[in-house]
Amino acid sequence: MSTLLSVIIPNHNGSAFIEACLKALFSARPRPFEVIVVDDCSTDNSIELINRFPCRLIRLDRQEGASKARNTGAGNSLGNALFFIDVDCVVQDDTILHAIHAFDRNKEHVIGGSYTPIAFDDTFFSTFQSIFINYSELRRPEPDYIAGHALVIGRDNFQRSGGFPEDFGPVMEDVEFSHRLRRSGQRLRMDKAILVRHIFNYNLGTSLSNAFRKSKYWIAYSIGNRDLMADSGTASIELKFTVFCASLLWFFFLCLIISPDTFYLAGMSIVFAFDLVVSRSLIRAFFREKGRAFGIKAALYYAVVYPLAVAAGGAAGVAYYVQARRKAA
């Protein structure tokens, strides 16, 4: 049986992205078998924009989140393979072709892709995030999870799995879905050819805010899942080591201000050097994708500033987990 690929896109107030997302899908060769947009009660002009394209539009009666939208799209699909992407993702000319070929080769597996190294909006903070995610998600051929921004799965396989969790907290629904699939014996595989360009529109504030938010919910989930120190995608051992090193770095820096001493300066240098060695593969990716000036700036941002937001989010995640447990008791 030939592969009929249904692309499923959850949308909630995605008017800033939906036109670029759909335009790329209908320009791809081959075109997907069908494109289903499930609108989660948008209040912007998303519906007007979606109706300009020959896709299937399903409108939810009330806002219920991305999981419900994805499951609704899958339940109404007619293809034998599902390709989940997000509304702020733009496929490449060959993304659909690679997704079909990957499914043809691995019909019983769940297949993941990632972001292109260069973001759709190629600014420093957006492309920093895109390279970081591309590197983190594709470094292991059999990952801990597959993100919902580029996930291919057989329709029958998806229906047997029960779909994305609809009564779950924000952000981590694709991680829970992946872990549940793995526990049931499913194999997850990454395909480096399946890439989408993400529209971040990040500046310093939104970059750090995103790091804080993702870290908060990731830590809360990981405590409950008892895999806090797992080497999992962007929550890698490398990032955890970088957060530890950055904490020491800023501690030595404050000590140096209070009491100028070469000991603290030496400590900062040693910690920074250790971190760069451990994170050398990601640092090389920064240099490889955008050159020396970007690489230096990205390495400094990753080692010194970015971990502060991750650490703060982690602390908030612990508090969030404790509060959730108290409510449940």
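The questions and answers below look at a helix pair, two empty spaces and two backbone details in a predicted model.

Reader: How are the axes of helix α9 and helix α10 placed, roughly parallel or roughly antiparallel?

Author: Helix α9 covers residues 237-258 and helix α10 covers residues 262-278, and their axes come within 9 Å and cross at roughly 165 degrees. Angles over 145 degrees count as roughly antiparallel, so the direction of α9 relative to α10 is roughly antiparallel.

Reader: Which class of residue, nonpolar, polar or charged, has 16 members in the contact of α9 with α10?

Author: On the side of α9 the contact includes F241, L248, L249, F252 and F253, while on the side of α10 it includes F263, L265, M268, V271 and F272. E238 of α9 and D275 of α10 also take part. By class, the contact has two charged residues, two polar residues and 16 that are nonpolar.

Reader: What is the handedness of the crossing in which α9 passes α10?

Author: The two axes cross at roughly 165 degrees, and this angle alone leaves the handedness to be stated separately. For the passage of α9 by α10, the crossing is left-handed.

Reader: How much space lies in the largest cavity, and how many charged residues are in its lining?

Author: The count comes to one cavity of 30 Å³ or more, and about 80 Å³ of space lies in the largest cavity. Its lining is made of 13 residues, and S136, E137, P143, D144 and G233 lie nearest the centre. These lining residues divide into five nonpolar, three polar and, for the class asked about, five charged.

Reader: Which helices each supply at least two residues of the lining of the second largest pocket?

Author: About 260 Å³ of space lies in the second largest pocket, and among its 14 lining residues F168, G169, A220, Y221 and Y320 lie nearest the centre. The lining divides into 10 nonpolar residues, three polar and one charged. The helices that each supply at least two of the lining residues are α8 (204-225) and α11 (280-328).

Reader: Which two residues does a cis peptide bond join?

Author: The place to look is the loop between α1 (18-27) and β2 (34-39), where P30 lies. Omega is about -5 degrees at the cis peptide bond, and the residues joined there are R29 and P30.

Reader: Which residue has a positive phi although it is not a glycine?

Author: The residue is found in the loop between β1 (5-11) and α1. Its phi is about 55 degrees, a positive value, and the residue, which is not a glycine, is N13.

How values were computed: Residues are numbered from 1 along each chain as its sequence is written. This is a predicted model: local features need pLDDT of at least 70, side-chain atom pairs count only at pLDDT 80 or more; totals for chains, interfaces and linings use all residues. Side-chain values use heavy atoms; hydrogens and water are left out. On a 1 Å grid over the protein atoms alone, a cavity is a set of points where a 1.4 Å probe fits but cannot get out, and a pocket is an open set with protein on both sides within 12 Å along at least five of seven lines; lining residues have an atom within 4 Å of a point. Grid points are joined across faces, edges and corners, and a volume is the space filled by probe spheres set on the points. Ala, Val, Leu, Ile, Met, Phe, Trp, Tyr, Cys and Pro count as nonpolar, Asp, Glu, Lys and Arg as charged, and the others, Gly among them, as polar. Axes are lines fitted to C-alpha atoms, for helices over the stretch in contact, and angles run from 0 to 180 degrees between N-to-C directions. Helices (H or I, at least four residues) and strands (E, at least two) are DSSP runs, numbered from the N terminus. Angles under 35 degrees count as roughly parallel, over 145 as roughly antiparallel, 65 to 115 as roughly perpendicular and the rest as oblique. A crossing is left-handed if the near helix is turned anticlockwise from the far one by less than a right angle, and right-handed if clockwise. Contact means heavy atoms within 4.5 Å.
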